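These are my notebook entries on a set of helices and backbone features. I looked up each item in turn and recorded what I found.

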Amino acid sequence: MKKIFILFFVLLGVSSAFSQEKKICITFDDLIYSSRYFRDPDFQFDRSLNLLGTLMSYRVPAIGFVNESKLYNGNRIVTKKVNLLEMWLMNGFELGNHTYSHKDYNTTPLSDFIEDITKGEKYIKPFCEKYNKPLKYFRHPYLHRGDSKEKVEELESSLKEAGYIEAPVTIDNAEWIFAAAYDSLLYAKETKTLEKIKSDYIKYMEAKLTYYESQSEKLFGRNISHILLLHANTLNCDTINELLEMLRRHHYKFVSMEEALKDEVFQSEDTYYKKAGISWIHRWAVTKGVNKDFFGDEPECPAYVLNLAKVDYE
Ligand SMILES: [Zn+2]
């Protein structure tokens, strides 16, 4: 009898472990490729092959958000870049719209912003249809949803009307600063510091992951389905293996945007109407009126990385 009870509790434990499975959707912004230094289409294509190949070997149903302006060199369309875009779909990944030219909604009138979204569909819409993954997700550049209630609501209804679903971010981070620093080192062939920055990057992302897990626990009493923001850049092409291994060590299952959005948390009220683009967890936290202390202890980008990146960072 005792043995039966033990078995029962063991099985109960196993089933609850499954029901609390950690889920994460991996998203890449600024496709085709984001780099100040490496603009050669062949370089971007070859580097991206590594990124996509590794994502496939880990069975990651990733989604890439596109700025179609990056397909052009002046007024001329660059075939290799169009091929790179198609390669994402060809290998089973999804694409979403990130506006044509990465416009900032904080400083752009609604009509111009909507025009930029429509302009950004020229290639991705027919491509998505060709690969049977209809274009439906929109990611706000800089995560700017609008800096007033009116602006937020206007954009929300325009996106809905155009058939778009907003793609939130729960794990926001300064990965793009690491990437800028990494590119400048790679360009200058500073190989020794490159290795350091790669390993510091993974440690930083791990710290961000556990930070947002604990923010989620504090706010909702559980670890929600996460959506991680990354960019299509050289740093991620070169470290994707280590990054995915780290997420695996934390017992994450890689899921699609559709699967992540099934978490009811994404229906939470959001009345954050300020300029800064922040994690949705923090939007919900502001909405709930949490104390300022709630936001403390967020991992920061190391000073040497900021110096190397030479970017403006608030
Ligand atoms: Zn972006």
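Where is the place of R59? I located R59 in the loop between helix 2 and strand 2 (63-66). I note that I am working with a predicted model.

**Entry: R59 and N132**

I looked up the backbone of R59 and found a positive phi of about 55°, although R59 is not a glycine. This residue comes just after helix 2. I then checked its surroundings: R59 has 10 other C-beta atoms within 10 Å and is therefore exposed, the cut-off for exposed being 12 or fewer.

I recorded N132 as a further non-glycine residue with a positive phi, here of about 60°. N132 sits in the loop between helix 5 (124-130) and strand 6 (137-138). I found 7 C-beta neighbours inside 10 Å, so N132 counts as exposed. For context, most residues other than glycine have a negative phi, and most peptide bonds are trans.

**Entry: the cis peptide**

I looked for a cis peptide bond and found one joining L31 and I32, with omega about 20°. I placed I32 in the loop between strand 1 (22-31) and helix 2.

**Entry: helix 2**

I next examined helix 2 (residues 41-57), which has 17 residues. From its first C-alpha to its last I read 24 Å, close to the 24 Å expected at 1.5 Å a residue. I listed its buried residues as Q44, S48, L51, L52 and L55. Viewed down the axis of helix 2, these fall within an arc of 95°, so they line one face of the helix. On the face turned away from that buried side I found the exposed residues D42, D46, G53 and S57. I also asked what the buried residues of helix 2 pack against, and noted helix 3 (79-90) and helix 9 (234-249).

**Entry: M90**

I found M90 in helix 3. Because M90 has 13 C-beta neighbours inside 10 Å, I entered it as partly exposed. I also looked up its separation from S158: the two C-alpha atoms are 30 Å apart, and the residues are 68 apart along the chain.

**Entry: helix 7**

For helix 7 I compared length with expectation. Its 13 residues should span 18 Å at 1.5 Å a residue, and its end C-alpha atoms are 18 Å apart, which agrees. I noted that helix 7 is mostly covered, with ten of its 13 residues buried. Among the buried residues are W176, I177, F178 and Y182, and also the charged E175 and D183. The elements covering the buried residues of helix 7 include helix 8, strand 8 (226-231), helix 9 and helix 12 (303-309). After helix 7 comes K189, and I recorded its phi as positive, near 55°.

**Entry: helix 7 against helix 8**

How do helix 7 (residues 175-187) and helix 8 (residues 191-220) pack, and at what angle? I found an angle of about 170°, with the axes 10 Å apart. Helix 7 is therefore roughly antiparallel to helix 8. On the helix 7 side I listed E175, F178, A181, Y182, L185 and L186 as making the contact. From helix 8 the contact residues are T193, L194, I197, Y201, Y204 and M205. I sorted the contact residues by type and obtained ten nonpolar, one polar and one charged.

Technical notes: Residues numbered from 1 in each chain as written. Predicted model: local features only at pLDDT ≥ 70, side-chain atom pairs only at ≥ 80, totals over all residues. Axes fitted to C-alpha atoms, helices over the stretch in contact; angles between N-to-C directions. Helix = DSSP H or I, 4+ residues; strand = E, 2+ residues; numbered from the N terminus. Parallel < 35°, antiparallel > 145°, perpendicular 65-115°, else oblique. Contact = placed C-beta atoms within 7 Å. Expected span 1.5 Å × (residues − 1). Buried ≥ 20, exposed ≤ 12 C-beta atoms within 10 Å, placed from the backbone. Arc of directions from axis to C-beta.
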